[in-house]
Amino acid sequence: MPDAAKAAVYIQQLDEARCDDNWDAVLELVRKVRKHAPDRACLAQTATTEHAITKASLKAPQNAAPTDAPPSSLEAASQLPALLSVIEAERAHPEDRFQARVCVGWLHWVLREYSLALQRLPVSIDDAGVSGPLSEWTGVCALKAAYLRANCLARDGQRAGALEAFETALPHLNGVWTTGPARQQTRYWAELFLTEYCMLLSQVTREGEKSLNDGNSLAGFRTWAKYWAGAAKGAATPAQAVGLPGGYGFRGSVPRRQIWAEYYVAISEILQRDLPYPPGYAAVTTSGGNGGEPATISARAQLRAELKKVETIYQGLLFTETKFPRADEERAEVEGFVNRAMRNWSILNGMGWKEQDLGAGGRESLSREMLDTLFGAATKTYHSTAILRHLFTVHLAVAEFDLAFMSFDSWFELIKKGKQRVEKTGHQEPALDDNVTMFETISACIAALCRYGGMEAAEKAKGLATELEGMIGKYGRQDQDTTDPRNVVTPKAIALAWQSVGLANAQWARMTYESESRATFQEKAIQCLRKSLSPEFGNIVDIRGVFALGVLFAEQRKLPVAIELVKTALLADKAVEEHEELHNGPYWRERSLIPLWHLLALMLSARQEYGMAARACEGAIEQFKDPYVLFGSRDLSGGGFRSEHLKEVVGSKAGGGGLVDEMDDYEKESILEIKMTQLAILELVEGPAVAVNASTELLTLFPRLYGDLDQKIELSKVEPPNTTATHRSFRESVFGGKGHHHHHHSRQSVFNASDKMTTIPSRPQTATTTVTQQTTSPEQVADPNAGRRSLNSESLKRRSRNSLRKRDRSGSRRRALSSGPPVPPLNGDKSFAPFNDEINSTQHITFASRSASGAHSSTASQSQTIRQEQSGSSVLSKRTEDVALSGTMESFSPLLPYVHFSPDHSKRKRKAILVKVWLTIAGFYRRAGLLDDAAKAISEAQKMVQSLEGDVSSDASDGLHTRIAGWGMEKSVEQVLADVWAEKGHLSLARGKPYQARADFETALTHFPDHASAIVGLSNILLDIYTEKLLPPPAVAGLDLGGLTLSDSEEPKPLVVRPKGEKYPTLPSQPLGLGPASPTHQPRAKRYHDVVYDSDSDEEEEEERRANGHPSKTGLLGPQLPPPWKATSLPLIDRLAARDRAYGLLSGLTKLGTGWNHSDAWFALARAYEESGQLEKARDALWWCVELEDGMGVREWGSVVAGGGYVL
């Protein structure tokens, strides 16, 4: 007897049994449904057929798919007519009819009748007329129908139709994977649907039939992720979530890990190709906005979050399901995942991504996560060279230099042994890095050692360069025959290798103590760098190679060829490459050219083309077109002084930061160094008073670049004086965009007026040139017009003091300024953009007239150095003309990753930079005669050094010491202290206190014995003591009696200078080892600085003592020293010691890499030679000094790049 209540219960139980995959209970429930609901015959017949299909599928082999079941073994095939008849008769229950139609299509699909299955299957649940709330099994049937339709289309070769079927069914099935934990059959068919969809989507995307630019390109993968998250919620442990039933979709299908791998590949391609973030089916991520309201995060932040989630899941599955290999096994999937993850990391860690887009922790957290991934991958591989190579890169990025180079050493050892095995056995090893990768990694290590290390790092780089040079000869031959593409070395890789060899030799030439071999290393570095720029490698204007070679040429005073080389790089066109901005950030080319502009400015200043040098400084900033691009519109005042052009920046635009906010400390320091160079040029042209007024911009620029430090800068302590020199507004600064246009005439009056250019000194006045330094009198400072009136006269005086004329022994030498005609434009009528025609013509006329009026200008034979410069210039000229006419600049791909130092390290480095700024300002004030203000600036620098010393002392890091600079630091704390004390010494000289200056220089040398400025200053004082230009201070301070005398006795007798008698032996007048082979005792002319004592009866007293039998006061070295209060001169032995010590200090300095081209040191050394009677050596030293002075810029060459090295 039918019972409606029981019928409803049994129908519900039948749905649940099928959903739970409980097919053993289905037949009994079908019998009860037939009994109590005879009108549901369609439902009963459908359930019976489904039971038969399932049982037949279970009998198939375990490694076979359901389609592999033979049709003869399917009892369900006999039930097809009955099922079709009930479908035709069903009118009252649309859901039963829909389930039956899906069952018919499933039966045809199992019987491999795919065309019939496609005809029978409903297109969608909406077309079947089903409405209202649906049962769970109806949802499973809808999922099954969508999968079967797409599968049939794919088997028929209609991949576009199959993909469309998946995409059409996806919105209707959203509730299947968003309603929480699903039942067995739901999960089974959902995985079949999603795995088929994802693999098909991946295939068509890889083959180019579907673009990742499509907004729904990740729809299938994101739905898979939602299903995964829903399934994991119902699992007790993560392991159970991984091992859910149906993990392979259906038997014989791909594993779940493969789906996540394809997902990871797809989203990595979007990142690496910088494609728009596809919004389709993406989870909307929000963050807290203003007032607590949610704010949608940026597309890049969403991409980073999604990439991180996919990478974490795939990595977990991969590492869980992969075992440690045997020695003969490879783990290609693990290494492939690591390589792709590193490519993603290199982009996210680069300058193209901002810190806020990377999520919590920024780049530091990103790199730490990458290190965890690499260490995990190392536990699943055996001696993987790729993982060790990546460990070196990432450790370098987090500034763990010791660990980075340990990883490199392990990698290099494996590479060398692997190459030897391949050569011995002839069998290639797939896990071994190819030759191009080997060259690039060694080059990166050499660059890191040269950029961030010191003496030991330079020595290691030199050793690597030696091995790399041997590898180039062995593996880098272009004519070698090879069938393995892994052994092919590209010309670009060979050029990079030669460039690295040159960098290592150049760095070692600067660091080595072996002065005899320095020239050899420098020449080898030049040869290797020129070879790297050879046309045969197609890398003619590589920025790194041009910069290193230009600095080397500049240091050797080969200015014509160096200027032409740098101009070639600045004029070269850049090939547009879309991926460069993604890796290097916006305006990457302009940023990389800043050191080249700075180098060009210094070289032009060395040729006394100061106007063009100033324009080169401005060109480094004007290449960004708008100052707001570089500096943004943040408040640049730093809480203090703000110049006029910076006020305009703040006042005219609001909101947004500049490029400097995304630069690292090295790029910021390069901008600060350019500002210092421009101020040095300004001081040389307009005088120190004008430079003083402009120097405050350094303190304005520093907080804009680096932010505020612990101590707030008080500019009022060193406020510039109110003189007429302040008519030059700060708007004409190198960073004033508007000042360049609105004040063009005033700028011309500063840099291009011939009447002022004729009075420009050949180099800035330094305190080390002479002990006695002219200072501005108080009357001049008080007079508002005195500063301006005295500029030209001071320039003339400074020039007369530096009027060394350059000539050789056979005749006169032409100055470097007139050694050849001006360098013509390199590209036909293409002019040098940063220099207008008016400036060029004015400079040419000015210097032509100056060289014509020179007293020693002639056409005599050039020295060998000049001939070499001209020959090198002619060779390079031919090459650069070809480049300018045909070539473009090679894309700048940085060798080293973006290195993010710890906050403590960055703080220490910024304090050291601020000390340099204060000392630079102190130098401006000192040379302007404002000695009290200079002392205040030095005091500020000393406070910052004390803070720096406290930071180093309190840091518990291993290897951090005040005497060791450490990785990434240009100077140690002791060296910075030496800078401060050296500047104090120069200030004491300016105040007329030479003995106080001597004590300051001595203190500087106790902190850093090789400090060049302190050595030169102290040596000049010691030589003045020897020649008695500097007399000893009185032993007892004199009394000021106001003109009165203590007694009425007659005036004291005048001091008597006793000439040297023959009874006293003549002391040697030169240090040991410097005089002739056999000493010659020749009578020396009487000099006023012989031993002086206050007595005219010493001879009588001596004879009386001898007659009375008393011991004589006179020994072999002459008479005994007089009492201190009577002596008016130092004894000869003390003066000889002073001279010899000066010689020892200078001789050691000129042998160092930091002093071999120090002109002041060589000039002082020539003086020491002269005082020792070695005139030939003094003459050679003076000629070398003239060579150095003729090619000397307004600042040292090491200032062109942060750290003072050759690595860009």
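Helices α3 and α4 run roughly antiparallel to each other. That's one of three helix pairs picked out below from this predicted model, along with some buried residues and two unusual backbone angles. The protein has 1208 residues, and 53% of them count as buried. In secondary-structure terms, there are 48 helices and 8 strands.

**α3 and its partners**

- Start with α3 (residues 41-58) and α4 (residues 80-89): their axes cross at roughly 150 degrees and come within 9 Å. An angle over 145 degrees counts as roughly antiparallel, so that's the label for α3 and α4.
- The crossing of α3 past α4 is left-handed. On the α3 side the contact uses Cys42, Gln45, Thr46 and Thr49, and α4 brings Ala82, Leu83 and Val86.
- Sorted by class, the α3 contact with α4 comes out at 4 nonpolar and 3 polar residues, with no charged ones.
- Helix α5 (residues 94-110) also packs on α3, at an angle of about 25 degrees and with the axes 9 Å apart. Angles under 35 degrees count as roughly parallel, so α3 and α5 get that description.
- α3 and α5 make a left-handed crossing. From α3, the residues in this contact are Cys42, Leu43, Thr46, Thr49, Glu50, Ile53 and Thr54, and from α5 they are Asp96, Arg97, Gln99, Ala100, Cys103, Trp106, Leu107 and Val110.
- The class split for α3 with α5 is 8 nonpolar, 4 polar and 3 charged.
- Cys42, Thr46 and Thr49 of α3 turn up in the contact with α4 and again in the contact with α5.

**α12 against α14**

- Further along the chain, α12 (residues 256-272) packs with α14 (residues 332-348), with an angle of about 30 degrees and axes 10 Å apart. That angle makes the two helices roughly parallel.
- Here too the crossing is left-handed. α12 puts in Arg257, Tyr264, Val265, Ser268, Glu269, Leu271 and Gln272, and α14 answers with Glu333, Phe337, Arg340, Ala341, Arg343, Asn344, Ile347 and Leu348.
- By class, the contact of α12 with α14 holds 7 nonpolar, 3 polar and 5 charged residues.

**Cores and long-range contacts**

- The largest nonpolar core takes in 259 residues, and within that core Phe193, Phe439 and Leu672 touch the most other members.
- Another core of 36 residues sits apart from the largest one, with Ala1012, Ala1014, Val1016 and Ala1166 among its members.
- Take the contacts between residues at least 6 apart in sequence: 76% of them join residues at least 24 apart.

**Two buried residues inside helices**

- Tryptophan 189 is part of helix α9 (residues 184-206). Its relative accessibility is 3%, so tryptophan 189 counts as buried.
- Leaving out neighbours within four places in sequence, tryptophan 189 is in contact with Trp106, Val140, Leu143, Lys144, Tyr147 and Leu148. One of these, Trp106, belongs to the α5 side of the contact with α3.
- Valine 140 is 49 residues from tryptophan 189 along the chain, yet their C-alpha atoms are separated by 7.2 Å.
- Asparagine 435 is found in helix α18 (residues 435-452). With a relative accessible area of 2%, asparagine 435 is buried.
- Not counting residues up to four places away in sequence, asparagine 435 touches Lys419, Tyr475, Arg486, Asn487 and Val489.
- There are 37 residues along the chain between the positions of asparagine 435 and isoleucine 472, and 9.8 Å between their C-alpha atoms.

**Positive phi outside glycine**

- Arginine 557 isn't a glycine, but its phi is positive, near 65 degrees. Look for arginine 557 in the loop between α22 (543-555) and α23 (559-571).
- Arginine 557 has a relative accessible area of 9%, so this loop residue counts as buried.
- Glutamate 1028 is another non-glycine with positive phi, about 65 degrees. Glutamate 1028 sits in the loop that connects α44 (1012-1027) with β7 (1056-1057).
- The relative accessibility of glutamate 1028 is 6%, which means that glutamate 1028 is buried as well.

Methods
Residues numbered from 1 in each chain as written. Predicted model: local features only at pLDDT ≥ 70, side-chain atom pairs only at ≥ 80, totals over all residues. Heavy atoms only, no water. Axes fitted to C-alpha atoms, helices over the stretch in contact; angles between N-to-C directions. Helix = DSSP H or I, 4+ residues; strand = E, 2+ residues; numbered from the N terminus. Parallel < 35°, antiparallel > 145°, perpendicular 65-115°, else oblique. Left-handed = near helix turned anticlockwise from the far one by under 90°. Contact = heavy atoms within 4.5 Å. Nonpolar A, V, L, I, M, F, W, Y, C, P; charged D, E, K, R; others polar. Core = buried A, V, L, I, M, F, W, Y, C linked by side-chain atoms within 4.5 Å. Buried < 20%, exposed > 50% of the residue type's maximum accessible area, 1.4 Å probe, protein only.
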